[in-house]
Amino acid sequence: LRAKDIIPDLGITIEPIKPMANYGDPRCFEVPHVFDCESNPDIVRRHTARKFIYNCRDYVKRLLAAMGKDVPSDIASGGSVATAAFAICYQLGMRRIIMIGQDLAYQGEATHAGGVESKGINNSIGYDMVDGIDGEQVRTRSDWLAYLHWFENAIQVMKDTGKDMEVIDATEGVTEQDTKVA
């Protein structure tokens, strides 16, 4: 998004070790953000926009309860920042969820965006082959395959419960007629 000078309406981060370098554009700190209660505290501190905190672990919940604070139920987030963002949008009742870059597949040995390879991930997590957007087989990490199944199940739940929500796959290469998922 940043490469196209697009500033999102809402950001989300869940990792306590998320590098500050991922926030190279200072405008990121001016966008409302959803943080896991264990998100990188330096990133949380730098944010000047509205902050939302979710998924407080048991220890934090007990501390908040001792202070008389109400702690809502955790959101079933599926284990990744993308599944957490999807779950939050679902819980907030967003009518349209646009997914960018969630093809959950990669070419060659890359394990991360931009063609970056982590040999440790390739050696320890492993990979599977799945159908790509063009019908050809593409490589996906085994953990990403679990996220793919999580998304498929979440979208099916939306359909089964009759939620008036639309999920759009805006992954590069997807045609307009392919975008309506739910």
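## A look around the sheet, the core and the hairpin

Strand S4 (residues 96-99) has two unlike faces: Ile 97 and Met 99 sit on the covered one, while Arg 96 and Ile 98 sit on the uncovered one. "Buried" here means under 20% relative accessible area, "exposed" means over 50%, and "partly exposed" is in between (1.4 Å probe, protein chains only). Keep in mind that this is a predicted model, in which local features need pLDDT of at least 70 and side-chain atom pairs count only at pLDDT 80 or more, whereas totals for chains, interfaces and linings use all residues. Residues are numbered from 1 along each chain as its sequence is written, and side-chain values use heavy atoms, with hydrogens and water left out.

**The overall layout**

The protein chain holds 5 helices and 7 strands, taken as DSSP runs numbered from the N terminus (helices H or I, at least four residues; strands E, at least two). In sequence order the pattern is β-β-α-β-α-α-β-α-β-β-α-β. The protein chain has 182 residues, and 34% of them count as buried. Take the contacts (heavy atoms within 4.5 Å) between residues at least 6 apart in sequence: 39% of these join residues at least 24 apart.

**The strands and how they pair**

Two strands pair if DSSP finds at least two bridges between them. Here are the pairs, each with two residues that face each other across the pairing.

| Strand pair | Sense | Bridges | Partner residues |
|---|---|---|---|
| S1 and S2 | parallel | 3 bridges | Thr 13 and Phe 35 |
| S2 and S3 | parallel | 4 bridges | Val 34 and Phe 52 |
| S4 and S7 | parallel | 4 bridges | Ile 97 and Val 167 |
| S5 and S6 | antiparallel | 5 bridges | Tyr 127 and Arg 141 |

S1, S2 and S3 make up an open sheet of 3 strands in the order S1-S2-S3, with parallel pairing. S1 (11-13) and S3 (51-54) are the edge strands with a single partner strand each, so one side of each has no neighbour in the sheet. From one strand to the next, the twist averages 20 degrees. Helix H3 (residues 81-92) packs on this sheet and touches S1, S2 and S3, and its direction makes about 130 degrees with that of S1.

What about S2, covered or uncovered? Both of its faces are covered, with His 33 and Phe 35 buried on one side and Val 34 and Asp 36 buried on the other. His 33 in S2 is also the bridge partner of Gly 11.

S5 (residues 127-131) and S6 (residues 137-141) form a hairpin with 5 residues between them. Gly 135, in the turn, has a positive phi of about 90 degrees.

**H3 against H5**

The axes of H3 and helix H5 (residues 142-160) come within 10 Å and cross at roughly 10 degrees. That makes H3 roughly parallel to H5; angles under 35 degrees count as roughly parallel, over 145 as roughly antiparallel, 65 to 115 as roughly perpendicular and the rest as oblique. Axes are lines fitted to C-alpha atoms, for helices over the stretch in contact, with angles from 0 to 180 degrees between N-to-C directions.

On the H3 side, Ala 82, Thr 83, Phe 86, Ala 87 and Tyr 90 meet a set of H5 residues that includes Tyr 147, Trp 150, Phe 151 and Met 158. The residues of this contact divide into 11 nonpolar, 1 polar and no charged. For that split, Ala, Val, Leu, Ile, Met, Phe, Trp, Tyr, Cys and Pro count as nonpolar, Asp, Glu, Lys and Arg as charged, and the others, Gly among them, as polar.

**The core, and Phe 151 in it**

A nonpolar core is a set of buried Ala, Val, Leu, Ile, Met, Phe, Trp, Tyr and Cys residues joined through side-chain atoms within 4.5 Å. Which of the 15 residues in the largest nonpolar core touch the most other members? They are Phe 86, Ile 97, Met 99, Phe 151 and Val 167. H3, S4 and H5 each give two or more residues to this core, and the largest share, 6 residues, comes from H5.

Phe 151 lies in H5 and is buried, with a relative accessible area of 6%. Beyond its neighbours within four places in sequence, Phe 151 is in contact with Ala 82, Thr 83, Phe 86, Met 99, Gln 102 and Leu 104. Phe 151 and Gly 78 are 73 residues apart in sequence, yet 8.6 Å apart in space, C-alpha to C-alpha.
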